[in-house]
Amino acid sequence: MARIRCDFFSSALGMGTSMTVLLPDRSAGIGMAGAAGPGDPPVLYLLHGLTDDDTIWTRRTAIERYVAPLGLAVVMPQVQRSFYCDEVHGNRYWTFLSEELPEVCRSYFRLSDRRADTFVAGLSMGGYGALKWALRQPDRFAAAASLSGALDVARRRHHPTSPLDPAVWHTVWGDRDVAGPEDDTVALLERAGDDLPALYVACGTEDFLYEDNTRFVDTARRRGLPVTVDFGPGDHDWAYWDARIQDVLAWLPLPRND
């Protein structure tokens with residue numbers, strides 16, 4: 001595969017930013033499979049967590065090796081500590097993610113724009129961002145996955161086991177309550193229609209966000225919305241995410257599964 005660290009100017013952010021992109025290639029080196037179809041490849045937007053950046057998936061996992069035989073492009077944007085939101089006291093990262101990034105990527109790279117070929121996933125803050133994006137723009141994605149996602153930020157603000165950093169909350173949401181509006185993934189799920197992407201939720205039972213994930217899943221089940229669930233032993237760490245991203249890739253409705 002080709003791995004590209006792309007530095008570019010974002011009009012939505014009004015400044016330069018970066019993304020890491022993996023592009024499929026038929027050729028591969030020793031011990032590496034390669035695959036690339038004749039048309040524009042499907043794409044996975046893969047989102048980072050609160051303390052990380054666009055390089056973290058390639059540094060902490062073998063994501064390049066995992067996707068190489070799938071003919072799948074992977075776009076990993078950088079959004080700082082924004083929770084993939086238009087920050088009250090910061091920048092417009094939701095606008096950047098949901099409007100500008102797909103257009104910029106397709107202008108730079110050959111990527112499919114079909115819903116059936118478009119997926120999103122992420123870990124922790126990125127799991128929240130992935131499902132929020134899929135619930136707010138369900139016509140864009142065929143599937144969305146969260147690994148150890150912060151899926152209940154409205155309750156996480158003052159949670160006794162691990163409250164959200166007040167400085168982060170102030171920057172992102174200011175003084176307003178998240179419950180109910182468009183940044184509350186549980187509320188978005190309550191209001192969601194039937195034509196949702198396929199949803200996948202994984203979280204370790206030892207993870208401090210496990211309760212948030214069970215509440216999200218319980219809401220989906222109460223509404224009769226299908227969701228693939230993977231709850232089992234694991235903590236909030238890269239050993240867990242490296243294993244689960246392989247499960248997510250096997251679950252994605254890529255052409256090899258037809």
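## A mixed sheet, two helices and two pockets

Strands E1 and E2 (residues 15-23) run antiparallel to one another and are joined by nine bridges. One of the bridge pairs brings together Ile 4 and Val 21, the latter in E2. Helix H3 (residues 93-108) packs on the sheet here, touching E1 and E2 as well as strand E3 (43-47) and strand E4 (73-77). The direction of H3 makes about 125 degrees with that of E1. Do keep in mind, as you turn the structure around, that this is a predicted model.

Let us step back to the sheet as a whole. Eight strands make up this open sheet, in the order E1-E2-E4-E3-E5-E6-E7-E8, and their pairing is mixed. Which strands stand at the edges? They are E1 (2-10) and E8 (228-232); each has a single partner strand, so one side of each is left without a neighbour in the sheet. On average, neighbouring strands are turned by 15 degrees against each other, with direction ignored.

Towards the E8 end of the strand order, another helix comes into view. Helix H8 (residues 210-222) lies across strand E6 (143-147), strand E7 (198-204) and E8. Relative to E7, H8 runs at about 150 degrees.

Now for the pockets. Rolling a probe the size of a water molecule over the atoms shows where empty space is left. The table sets out the two pockets by volume and lining.

| Pocket | Volume | Lining | Classes in the lining |
|---|---|---|---|
| Largest | about 280 Å³ | 18 residues | 10 nonpolar, five polar, three charged residues |
| Second largest | about 180 Å³ | 17 residues | nine nonpolar, three polar, five charged residues |

Which residues lie nearest the centre of the largest pocket? Leu 50, Ser 124, Phe 208, Leu 209 and His 236 hold those places. In the second largest pocket, the residues closest to the centre are Gly 37, Pro 41, Pro 42, Gly 71 and Pro 255.

Finally, a look at the charged side chains. The structure holds 17 salt bridges, and one pair is worth following by eye: Asp 40 forms a salt bridge with Arg 110, with the closest N and O atoms 3.4 Å apart. What does this pair tie together? Asp 40 lies in the loop between E2 and E3, while Arg 110 lies in the loop between H3 and strand E5 (118-123), so the salt bridge links parts that are 70 residues apart in sequence.

Key
Residues are numbered from 1 along each chain as its sequence is written. This is a predicted model: local features need pLDDT of at least 70, side-chain atom pairs count only at pLDDT 80 or more; totals for chains, interfaces and linings use all residues. Side-chain values use heavy atoms; hydrogens and water are left out. Two strands pair if DSSP finds at least two bridges between them. Helices (H or I, at least four residues) and strands (E, at least two) are DSSP runs, numbered from the N terminus. Axes are lines fitted to C-alpha atoms, for helices over the stretch in contact, and angles run from 0 to 180 degrees between N-to-C directions. Contact means heavy atoms within 4.5 Å. On a 1 Å grid over the protein atoms alone, a cavity is a set of points where a 1.4 Å probe fits but cannot get out, and a pocket is an open set with protein on both sides within 12 Å along at least five of seven lines; lining residues have an atom within 4 Å of a point. Grid points are joined across faces, edges and corners, and a volume is the space filled by probe spheres set on the points. Ala, Val, Leu, Ile, Met, Phe, Trp, Tyr, Cys and Pro count as nonpolar, Asp, Glu, Lys and Arg as charged, and the others, Gly among them, as polar. A salt bridge is a side-chain nitrogen of Lys or Arg within 4 Å of a carboxyl oxygen of Asp or Glu.
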